[in-house]
Amino acid sequence: MSTSLPATTLQKTALNATHRALKAKMVDFGGWDMPVEYPCPGGGLIAEHMAVRTAVGLFDVSHMGEIQFRGPGSLAAVQHITMNDASKLADGQAHYSALLTPAGTFVDDILVHRLGVNDYLLVVNAGTTDKDFAWIRQQAGGFPGIHLSNYSSYYSQLALQGPRALETLAKLTRVDLGAIKNYWFTWGPVAGIPNVMIARTGYSGEDGFEVYIPSDEGTTVKMWNALLDAGAEFGIRPCGLGARNTLRLEAGMSLYGHEISEEINALEAGLTRWLKLDKGPFIGSDALVQIQKIGGPKRKIIGLEMIERGIARDGYSVFALDGQPIGQITSGSPAPFLKANIAMALVPAAVADSASDVLVDVRGNRVRAKQVPIPFYKRPKKS
């Protein structure tokens, strides 16, 4: 008698058939059927990564979740559940933030957009959307004057990333894209689609834009094809989650379940730039203040570059030069643009502060790595 459980049906974005027509390699990512790479002639992860670093690439990130706060209590609620200071946002401005547990560890990392004086849009990670919305309702649902809505199924989100992203998108809109500063957004027609939300945000370490459109297949495919056509002269490539991961790693950006999790706190993760403990109490702030009072976090995320031959992969063990186990790799891979093998690791604060070399267990071999600053890659400033 079989006791096997029925297979879970994967969620699909409006571009699922399009990805398959492009012969994308598809994977289960947080319950979504998503493209990891497009191994067409001359394609694949490295080609996609290099297109974003040198020209332009296009990602389907429609699996991301969108949760809206409306009403006069919205700011108070957002302030209570997030670590950054949303009171500093102007209309049309966004920032990176996180939802924290009472212990100061991560429920999720998010983007907060201020749509208006009593109107905020939180963009959350795909695999945690339902968990995040339930948590938000539990923590903020009792605030007076607030209406919470999970609009994730209403939006398709496409990310156009790379130094030629502005030139590509400018072909399709009369909106002055140059006037949109980094982490700001506006609305306008794009490719004949009205009221597109155009945000100068991304997860690649490059300049770029994320566009939010209705999630029906016709509208989404129209935008996807229009962006590919507009970027053709620059060598645009459709890009999958594989390149998205190597790009964010080169740029030193944290990934939920890796550098940030319910076991890693915001001080250990090194996200102090976005942690505003002086804004007043919020969920997790008391615990983080106490950690600071006793001398800071006991562990830290560090950057590594392999000196010897070997690739540090997620979960590999890290040792001191004397052979003592000290931590593990949180993310690691070859860095296509930097042409090096890089990683981030969680190790004792004393090891991080010493800047000493470490050893990574790569399939039974102890491979030497040096500590290097994060981010590994910074995009060149325009002259």
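In strand E7, the bridge partner of Gln 68 is Leu 121. Strands E4 and E7 pair in the antiparallel sense over 6 bridges, where two strands pair if DSSP finds at least two bridges between them. Strands (E, at least two residues) and helices (H or I, at least four residues) are DSSP runs, numbered from the N terminus. The model is predicted, so that local features need pLDDT of at least 70 and side-chain atom pairs count only at pLDDT 80 or more, while totals for chains, interfaces and linings use all residues. Residues are numbered from 1 along each chain as its sequence is written, and side-chain values use heavy atoms, with hydrogens and water left out.

## The open sheet

Strands E4 and E7 belong to an open sheet of 5 strands, with the order E5-E6-E7-E4-E8 and antiparallel pairing. Its edge strands are E5 (93-100) and E8 (147-150), each of which pairs on one side only. On average, neighbouring strands of this sheet are turned by 25° against each other, direction ignored. Such angles are taken between axes, which are lines fitted to C-alpha atoms (for helices over the stretch in contact), and run from 0 to 180 degrees between N-to-C directions.

Strand E4 is also joined to E8, by 4 bridges in an antiparallel arrangement; here Phe 69 stands opposite Leu 148 in E8. Of the 6 residues of E4, 5 are buried, so the strand is largely enclosed by the rest of the structure. Buried denotes under 20% relative accessible area, exposed over 50%, and partly exposed the range in between (1.4 Å probe, protein chains only).

Strand E6 (residues 106-116) and strand E7 (residues 119-124) pair antiparallel over 5 bridges, and Gly 116 stands opposite Asp 119 in E7. Helix H4 (residues 129-140) lies across strand E4 (65-70), E5, E6, E7 and E8, and runs at about 175° to E8. Contact here means heavy atoms within 4.5 Å.

## The closed barrel

A second set of strands forms a closed barrel of 6 strands, E14-E17-E16-E15-E18-E19, with antiparallel pairing. Its neighbouring strands are turned by 45° against each other on average, direction ignored. Strand E15 (residues 317-319) is joined to strand E18 (residues 358-362) by 2 bridges, and the two run antiparallel. Within this pairing, Phe 319 stands opposite Leu 359 in E18. Helix H7 lies across E16 and E17, running at about 120° to E16.

Phe 319 also has Arg 366 over its face, at 3.6 Å from the ring centre. A charge sits over a ring if NZ of Lys or CZ of Arg is within 6 Å of the ring centre and within 35 degrees of the ring normal. Arg 366 is partly exposed, with a relative accessible area of 41%. Elsewhere, the charged end of Lys 181 sits over the ring of Trp 184, 4.7 Å from its centre.

## Salt bridges

The structure holds 15 salt bridges, each being a side-chain nitrogen of Lys or Arg within 4 Å of a carboxyl oxygen of Asp or Glu. Examples are tabulated below.

| Residue | Partner | N to O distance |
|---|---|---|
| Asp 91 | Arg 114 | 2.6 Å |
| Arg 248 | Glu 259 | 3.0 Å |
| Asp 361 | Arg 366 | 3.7 Å |

The pair of Asp 91 and Arg 114 links distant parts of the chain: Asp 91 lies in the loop between helix H3 (74-81) and E5, and Arg 114 in strand E6, 23 residues apart. Asp 91 is partly exposed at 45% relative accessibility, whereas Arg 114 is buried at 15%. Arg 248 and Glu 259 are both buried. Arg 248 is in helix H7 (residues 241-250) and Glu 259 in the loop between H7 and helix H8 (285-293), so their pair ties together parts 11 residues apart in sequence. In addition, Arg 53, Glu 206 and Glu 250 are linked in a network of salt bridges.

## Aromatic pairs

Rings of Phe, Tyr and Trp (its six-membered ring) pair if their centres lie within 6.5 Å; planes under 30 degrees apart count as stacked, over 60 as edge-to-face and the rest as tilted. The count by this rule is 5 aromatic pairs. Among them, Tyr 151 and Tyr 154 are edge-to-face, at 5.1 Å centre to centre and 75° between the planes. Tyr 154 is exposed, with a relative accessible area of 53%.

The rings of Phe 337 and Tyr 377 have centres 5.4 Å apart and planes at 80°, so this pair is edge-to-face. Phe 337 lies in the loop between strand E16 (325-335) and strand E17 (340-348), and Tyr 377 in the segment after strand E19 (365-372), so the pair ties together parts that are 40 residues apart in sequence. Phe 337 is partly exposed, with a relative accessible area of 32%, whereas Tyr 377 is buried at 8%.
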